[in-house]
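Subject: Structure handover and notes

Dear colleague,

Here is the structure we spoke of handing over, with the sequence alongside. My notes on what was found follow directly below.

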Amino acid sequence: MTCRLLAEEYSVCQPAGIQGIDFASPTLFFARTDDELSLVCPSASVPAGCLREVPHWRGFRVEGTLDFALTGVLSNLSSRLAEAGIPIFAVSTYDTDYLFVRSAHLEKARRTLEEAGIAFLSPLTSDPSLSEA
């Protein structure tokens with residue numbers, strides 16, 4: 001399995017409404033239920049007037065398209081991070097899974113997953129501080 005580190009820092013928030021959400025952002029997750037709105041977006045794009053915000057998250061994307069018949073992908077990643085004492089915020093899309101860890105846990109999370117045989121690709125960025133080791 002291969003993951004890619006997302007280049008930006010993210011925030012998990014509860015917007016009061018959809019006004020101000022930058023839906024043009026390359027990576028953004030929005031959910032609506034009968035009693036809440038949830039948003040995961042680049043920290044630089046948090047809309048004004050959020051009811052709550054938890055900043056300082058970094059994300060990993062599982063590379064490739066995951067078939068719906070696959071089992072245990074998210075469980076495999078999340079259980080290894082849980083064993084290392086690293087809390088996560090997980091998001092699944094039609095094609096793949098994303099795991100967010102607090103920025104302070106980024107390197108420990110990456111080392112933990114690499115030790116479990118997970119390969120990492122460089123972020124899609126020109127920032128050399130975020131490139132593969």
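F30 is partly exposed in this predicted model, with a relative accessible area of 31%. Since patch residues need over 30% relative accessible area, F30 passes that cut-off, and together with I18 and F23 it makes a nonpolar surface patch of about 280 Å². F23, for its part, is located in the loop that runs between β2 (10-14) and β3 (29-32), and it is likewise partly exposed, its relative accessible area being 47%.

How are the rings of F23 and F30 arranged towards one another? Their centres are 5.7 Å apart and their planes stand at 80°, so the pair is classed as edge-to-face. It belongs to a count of six aromatic pairs. A further one is formed by F29 and Y98, where the ring centres are 4.8 Å apart and the planes are at 65°, so that this pair, too, is edge-to-face. The F29 and Y98 pair links distant parts of the chain, for F29 lies in strand β3 and Y98 in strand β7 (residues 97-102), with the two positions 69 residues apart. Both F29 and Y98 are buried, and ring pairs join them with Y10 and F100 into a cluster. Apart from the ring pairs, there is also a charge placed over a ring: R102 lies over the face of W57, at 5.0 Å from the ring centre.

As for the chain overall, the protein has two helices and eight strands, and, read from the N terminus, these elements follow the order β-β-β-β-β-α-β-β-α-β. The protein chain has 133 residues, of which 37% are buried. Of the contacts with a separation of 6 or more, 68% are between residues 24 or more positions apart. The exposed area of the protein chain is about 7,600 Å², and carbon and sulfur atoms supply 51% of it.

Turning to charged side chains, how many salt bridges does the structure hold? There is one, and it is made by the side chains of R110 and E114, with a distance of 3.4 Å from N to O. Both residues lie in helix α2 (residues 106-115), four residues apart, which is about one turn of the helix. The two partners may be set side by side as regards their accessibility: R110 is buried, with a relative accessible area of 9%, whereas E114, at 37% relative accessibility, counts as partly exposed.

Three single positions may also be worth a look when you open the file.

The first of these notes concerns L39, which is found in strand β4 (residues 37-42) and which, at 1% relative accessibility, counts as buried. Leaving out residues up to four places away in sequence, L39 touches S11, V12, C13, P15, I21, L28, F29, F30 and P47, a list that brings in F29 of the aromatic cluster as well as F30 of the nonpolar patch. L39 and S11 are 28 residues apart along the chain, and their C-alpha atoms are separated by 8.0 Å.

Next comes P87, in the loop between α1 (73-83) and β6 (88-92), which is partly exposed with a relative accessible area of 44%. Once its neighbours within four places in sequence are set aside, P87 is in contact with F100, V101 and H105, and F100 is one of the residues in the aromatic cluster described above. From P87 to L99 the spacing is twelve residues in sequence and 9.9 Å in space, taken from C-alpha to C-alpha.

Finally, there is H56, whose backbone you may wish to look at for yourself: although H56 is not a glycine, it has a positive phi of about 70°. H56 is found in strand β5 (residues 52-62), and at 42% relative accessibility it counts as partly exposed.

With kind regards

Key: Residues are numbered from 1 along each chain as its sequence is written. Side-chain values use heavy atoms; hydrogens and water are left out. Patches are made of residues with over 30% relative accessible area and no salt bridge: like charges are joined within 9 Å, nonpolar side chains (Val, Leu, Ile, Met, Phe, Trp, Tyr) within 5 Å. Accessible areas come from the Shrake-Rupley method with a 1.4 Å probe; for residues, only the protein chains shown count as cover. A salt bridge is a side-chain nitrogen of Lys or Arg within 4 Å of a carboxyl oxygen of Asp or Glu. Rings of Phe, Tyr and Trp (its six-membered ring) pair if their centres lie within 6.5 Å; planes under 30 degrees apart count as stacked, over 60 as edge-to-face and the rest as tilted. Buried means under 20% relative accessible area, exposed over 50%, partly exposed in between (1.4 Å probe, protein chains only). A charge sits over a ring if NZ of Lys or CZ of Arg is within 6 Å of the ring centre and within 35 degrees of the ring normal. Contact means heavy atoms within 4.5 Å.
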